[in-house]
Amino acid sequence: MKSRQIRFSHTAKRIEDIFQLHKDKLGRVINLAVKFRTGMQEIDPFIQQHTSIVCSKCRKKCCVNKHACYTCEDLVYIYALGLSTQEYGERDESQQCYFLSAGGCRLERALRPSGCNWYFCDDLYAGMEKAPGRAYADFDDSLRELSSLWMELTDEFLMQFNAMSGHQMHIADLICSSRRRADSPAPASPS
Ligand code: SF4
Ligand code: SF4
């Protein structure tokens, strides 16, 4: 069934503006984003080693358009890195993801939607757990550290935003975080 994917340009532009206007106050967010990207790049070979085997044989691939959408936390991270986003346009949510190629996802792992990066199916986990030595344990430790970093990044951004705007809001209330809410009115950018 076709369903309309709402564009997130409004949210993305808002976050981009916040970083452009208040870069001096968002230095810690930027540092955390760089650290997170580096951490993801470090665990990429281990994940890739397993997805290249398990996912290539998968008959029910999870990579569909429905999942290829940034959340507001993702947008904060992307703009903290000084990068920009691209419009997804209108796509069939149930169809193979626009970013999927014969060689796997075309996006750098660290720049994929967080929903993609935090998802590991049972088959994938089973393969990883069988990795020799401490490989899986090290990966698991790294993933936990990255999860903490991600939350720290989001919390720091929110704390700074609230301090600048005078609001006390959760990030999901502050900036449209999902396609369902992406057209909702958002509060004004901090002045
Ligand atoms: S992560 Fe799991 S469900 Fe998704 S493509 Fe790979 S094997 Fe299939
Ligand atoms: S991992 Fe890449 S190809 Fe798969 S759903 Fe996410 S963006 Fe699409």
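# Helix crossings and ligand shells

Helix α2 passes α5 in a right-handed crossing. (Left-handed means that the near helix is turned anticlockwise from the far one by less than a right angle, and right-handed that it is turned clockwise.) Helices (H or I, at least four residues) and strands (E, at least two) are DSSP runs, numbered from the N terminus.

You're looking at a predicted model, where local features need pLDDT of at least 70 and side-chain atom pairs count only at pLDDT 80 or more, while totals for chains, interfaces and linings use all residues. Residues are numbered from 1 along each chain as its sequence is written, and chains are lettered from A and ligands numbered from 1 in the order in which they are written.

**Exercise 1. Work out how α2 lies against α5, and which residues make the contact.**

Step 1: start with the axes, which are lines fitted to C-alpha atoms, for helices over the stretch in contact; angles run from 0 to 180 degrees between N-to-C directions. The axes of α2 and α5 come within 10 Å, crossing at roughly 130°.

Step 2: that angle makes α2 oblique to α5. (Under 35 degrees is roughly parallel, over 145 roughly antiparallel, 65 to 115 roughly perpendicular, and the rest oblique.)

Step 3: now find the contact (C-beta atoms, placed from the backbone, within 7 Å). From α2 come His50, Thr51, Ile53 and Val54, and from α5 come Asp123, Leu124, Gly127 and Met128.

Step 4: sort them by class. The contact of α2 with α5 has 4 nonpolar, 3 polar and 1 charged residues. (Ala, Val, Leu, Ile, Met, Phe, Trp, Tyr, Cys and Pro count as nonpolar, Asp, Glu, Lys and Arg as charged, and the others, Gly among them, as polar.)

**Exercise 2. Do the same for α2 and α6.**

Step 1: these two helices pack at an angle of about 160°, and their axes are 9 Å apart.

Step 2: so α2 is roughly antiparallel to α6.

Step 3: check the hand. Here α2 passes α6 in a left-handed crossing.

Step 4: the contact of α2 with α6 divides into 15 nonpolar, 3 polar and 6 charged residues.

**Exercise 3. Place Phe139 and decide how exposed Phe139 is.**

Step 1: look in helix α6, residues 135–165, and you'll find Phe139 there.

Step 2: count neighbours. A residue is buried if 20 or more other C-beta atoms (placed from the backbone) lie within 10 Å of its own, exposed if 12 or fewer, and partly exposed in between. Phe139 has 18 C-beta neighbours inside 10 Å, so Phe139 counts as partly exposed.

Step 3: leave out residues up to four places away in sequence, and Phe139 touches Ile43, Phe46 and Met128. The C-alpha atoms of Phe139 and Met128 are separated by 9.0 Å, with their places 11 residues apart along the chain.

**Exercise 4. List what surrounds each ligand.**

Step 1: take ligand 1, using the rule that a residue is near a molecule or strand if its C-beta atom, placed from the backbone, lies within 6 Å of it. Around ligand 1 you get Thr51, Val54, Cys55, Cys58, Lys61, Cys62, Cys63, Cys121, Asp123 and Leu124.

Step 2: α2 (27–57) and α5 (122–129) are the elements that give two or more residues to this shell. The largest share, 3 residues, comes from α2.

Step 3: by class, the shell around ligand 1 has 7 nonpolar, 1 polar and 2 charged residues.

Step 4: move to ligand 2. Its surroundings are Cys63, His67, Ala68, Cys97, Phe99, Leu100, Cys105, Leu107, Arg112, Pro113 and Cys116, a shell of 9 nonpolar, 1 polar and 1 charged residues.

**Exercise 5. Compare where Cys62 and Cys116 sit.**

Step 1: Cys62 is in the loop between α2 and α3, while Cys116 is in helix α4, residues 114–117.

Step 2: Cys62 is partly exposed because 15 other C-beta atoms lie within 10 Å. Cys116 also counts as partly exposed, with 19 C-beta neighbours inside 10 Å.

Step 3: the two cysteines, Cys116 and Cys62, are 54 residues apart in sequence and 9.1 Å apart in space, C-alpha to C-alpha.

**Exercise 6. Is α3 mostly covered or mostly open?**

Step 1: helix α3 spans residues 72–80, and 9 of its 9 residues are buried, so α3 is mostly covered.

Step 2: keep going past the helix. Just after α3, Gly82 takes a positive phi of about 80°.

Step 3: for the whole chain, buried residues make up 22% of the 191 residues.

Notes:
Contact = placed C-beta atoms within 7 Å.
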